[in-house]
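Here's a quick walk through this one. Have a look at the model first, then read on.

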Amino acid sequence: MTDPAQDQPVEGALSPSRVRAIRANALGIGLATGAYGISFGAIAVASGMTAWQAQALSLGMFTGASQFALVGVLGAGGGAVAAVITAWLLGARNGLYGLHMAPLLRPRSWRRVLAAQWTIDESTGMGMAHQDTPAGGRLAFWATGAAVYVLWNLGTLLGAVGASALDDPARFGLDAAIPAGFLALLWPRLKDRTAWLVAAGAAVVALALTPLTRPGIPVLASAVVAVAAGMLMTRRHR
Amino acid sequence: MIWAAILLGSLGCYALKLSGYLVPTGLLERPLVRAIAGLLPIALLSSLVVVQTAAASTALVVDARLAGLGAAIVALLLRAPFLLVVVVAAVAAAAVRALGWSP
């Protein structure tokens, strides 16, 4: 992709080439996300959900990591309460994304309702990457949000209906697809030493608690590692 | 029960998204809140990886899922896209089972 900042250094209308570039980029992200929507749909069904339930999650929850977590914890017998709280904790970062997007989008009424639902990793990342001109940032956010919402839901439908046709998902290794999905979501976040330490600490806590508590609790308890590391980090930076 | 979890989970996740647009900026911009919100996905995703790989209810087990995870790591190191990572893991686990090496 060309550097958009060169096309449009000042305020005002976006050049047609920049609009095309942003739209193409948004579509590319949507297609990639749609592909992993397929795996979400298949995994949700393999974990015991119906295709309707998988689709309801993609339409209503619409934040991948939380959806995978809800499905994974429920499927592992962790119970609804632990599953819901884990999904919430994973969704907390979207609140911070909204904070970054609010001054750029300044959405009112129904646009605010929609902007909130579409505030996820991909749309926020694109919005921030193009916010050197506000119009570019807004277009990037809305185009990415729309592309990802539509294609994530289409992918979910394909995967859920496809997996519903299989008689024994474990025979096809779909149970192994669940941790692989979580790992693929974790991988790009392991950018520095703090991230690696938090990941390792959380893994140790979860493994140690697995024989001692009911399913679902070990994952929830590992959140303590993030809280402790956050407190240590902010103290050191003060 | 599953529907209740879907509904409550979705409502809570939407409320969190909306909070960024409604809550006064000062509250969410505190360094501690930012640091914890950034680290939470790392901790939870990491523990989900190990629990979903090695736990069978409250027992720790080694089975075909571990082979699947190993294959996923190789795929990620080779920069494979998300769907391929997941497929590779499923195929590896299915292969280990088909060969009778693991339940």
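## A helix and its neighbours

The buried residues of α3(A) pack against α2 (16-46), α4 (64-75) and α8 (134-164) of chain A, along with α1 (2-22) of chain B. This is a predicted model, so local features need pLDDT of at least 70 and side-chain atom pairs pLDDT 80 or more, while totals for chains, interfaces and linings use all residues. Residues are numbered from 1 along each chain as its sequence is written, chains are lettered from A and ligands numbered from 1 in the order written, and side-chain values use heavy atoms, with hydrogens and water left out.

Which residues of α3 are buried? In this helix of chain A (residues 51-60), they are A:Gln53, A:Ala54, A:Gln55, A:Leu57 and A:Ser58; buried means under 20% relative accessible area with a 1.4 Å probe, protein chains only. Just after α3(A) comes A:Phe62, with a positive phi of about 45°.

Zooming out, chain A has 12 helices and 0 strands, counting DSSP runs of H or I with at least four residues as helices and of E with at least two as strands.

| Feature of chain A | Value |
|---|---|
| C-alpha span along principal axes | about 60 × 55 × 35 Å |
| Buried share of 238 residues | 53% |
| Exposed area (Shrake-Rupley, 1.4 Å probe) | about 10,300 Å² |

Carbon and sulfur atoms supply 67% of that exposed area. As for contacts (heavy atoms within 4.5 Å), among those between residues at least 6 apart in sequence, 72% join residues at least 24 apart.

Key: Buried means under 20% relative accessible area, exposed over 50%, partly exposed in between (1.4 Å probe, protein chains only).
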